[in-house]
Amino acid sequence: MGKRFWLGIGILVLFLVMGVVISLGMDAIHGPAEQALEQAAEKALDGQMEEAVALARQAHDWWDDNWTLTASVADHSPMDEVDALFEEMEVYAQAQEDKHFAACCAQLSKLVESMAAAHRFNWWNLL
């Protein structure tokens with residue numbers, strides 16, 4: 001067997017390891033934002049708007065901090081939708097529209113969760 005064969009095997013192993021690391025990392029990246037958004041929606045519906053806004057802004061900061069890494073491996077359509085929903089959420093927060101704010105946070109939470117699920121460590125994601 002030649003050098004090209006072993007080089008090819010090495011490249012395939014490298015891509016497999018990168019896929020596993022990325023899959024494991026995506027859950028760690030999206031989990032805190034998803035949980036903060038769920039809590040924000042619950043608190044907004046309970047009338048605790050200040051706490052809800054603080055949690056939602058924390059999730060937004062988390063999303064922004066990890067945006068580049070997520071964008072390097074994720075489809076940009078849902079990312080654009082998440083960005084737009086965060087902007088919409090901010091408008092509802094400033095207007096003190098608690099029900100719309102809660103709905104927006106819940107929608108964001110589900111969208112972030114689906115992005116994490118799309119990159120979760122499963123055998124079909126490694127294909």
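A disulfide counts here as a pair of cysteine sulfur atoms within 2.5 Å. Keep that cut-off handy, and remember that this is a predicted model.

**Exercise 1.** Work out how many disulfides the rule gives, looking at Cys104 and Cys105.

*Solution.*
- Step 1: Start at Cys105. The closest cysteine sulfur to its own belongs to Cys104, and the gap is 6.2 Å.
- Step 2: Now go the other way. From the sulfur of Cys104, the closest cysteine sulfur is the one in Cys105, again at 6.2 Å.
- Step 3: Hold that up against the limit of 2.5 Å. The two sulfurs are too far apart for a bond, so Cys104 and Cys105 don't pair up.
- Step 4: The count by this rule is zero disulfides.

**Exercise 2.** Decide whether Cys104 and Cys105 are buried or exposed.

*Solution.*
- Step 1: The bar for buried is under 20% relative accessible area.
- Step 2: Cys104 has 2%, so it's buried.
- Step 3: Cys105 has 0%, so that one is buried too.

**Exercise 3.** Take two residues of helix H1, His30 and Leu45, and sort out which is buried and which is exposed.

*Solution.*
- Step 1: Find the helix: H1 covers residues 3–45, and His30 sits in it. Leu45 is in H1 as well.
- Step 2: His30 has a relative accessibility of 1%, so call it buried.
- Step 3: See what His30 touches: leaving out residues up to four places away in sequence, its contacts are Trp63, Thr70, Val112, Met115 and Ala116.
- Step 4: Leu45 comes in at 57%; exposed means over 50%, so Leu45 is exposed.
- Step 5: Leu45 and Lys99 are 54 residues apart in sequence, yet their C-alpha atoms lie 6.4 Å apart in space.

Conventions:
Residues are numbered from 1 along each chain as its sequence is written. This is a predicted model: local features need pLDDT of at least 70, side-chain atom pairs count only at pLDDT 80 or more; totals for chains, interfaces and linings use all residues. Side-chain values use heavy atoms; hydrogens and water are left out. Helices (H or I, at least four residues) and strands (E, at least two) are DSSP runs, numbered from the N terminus. Buried means under 20% relative accessible area, exposed over 50%, partly exposed in between (1.4 Å probe, protein chains only). Contact means heavy atoms within 4.5 Å.
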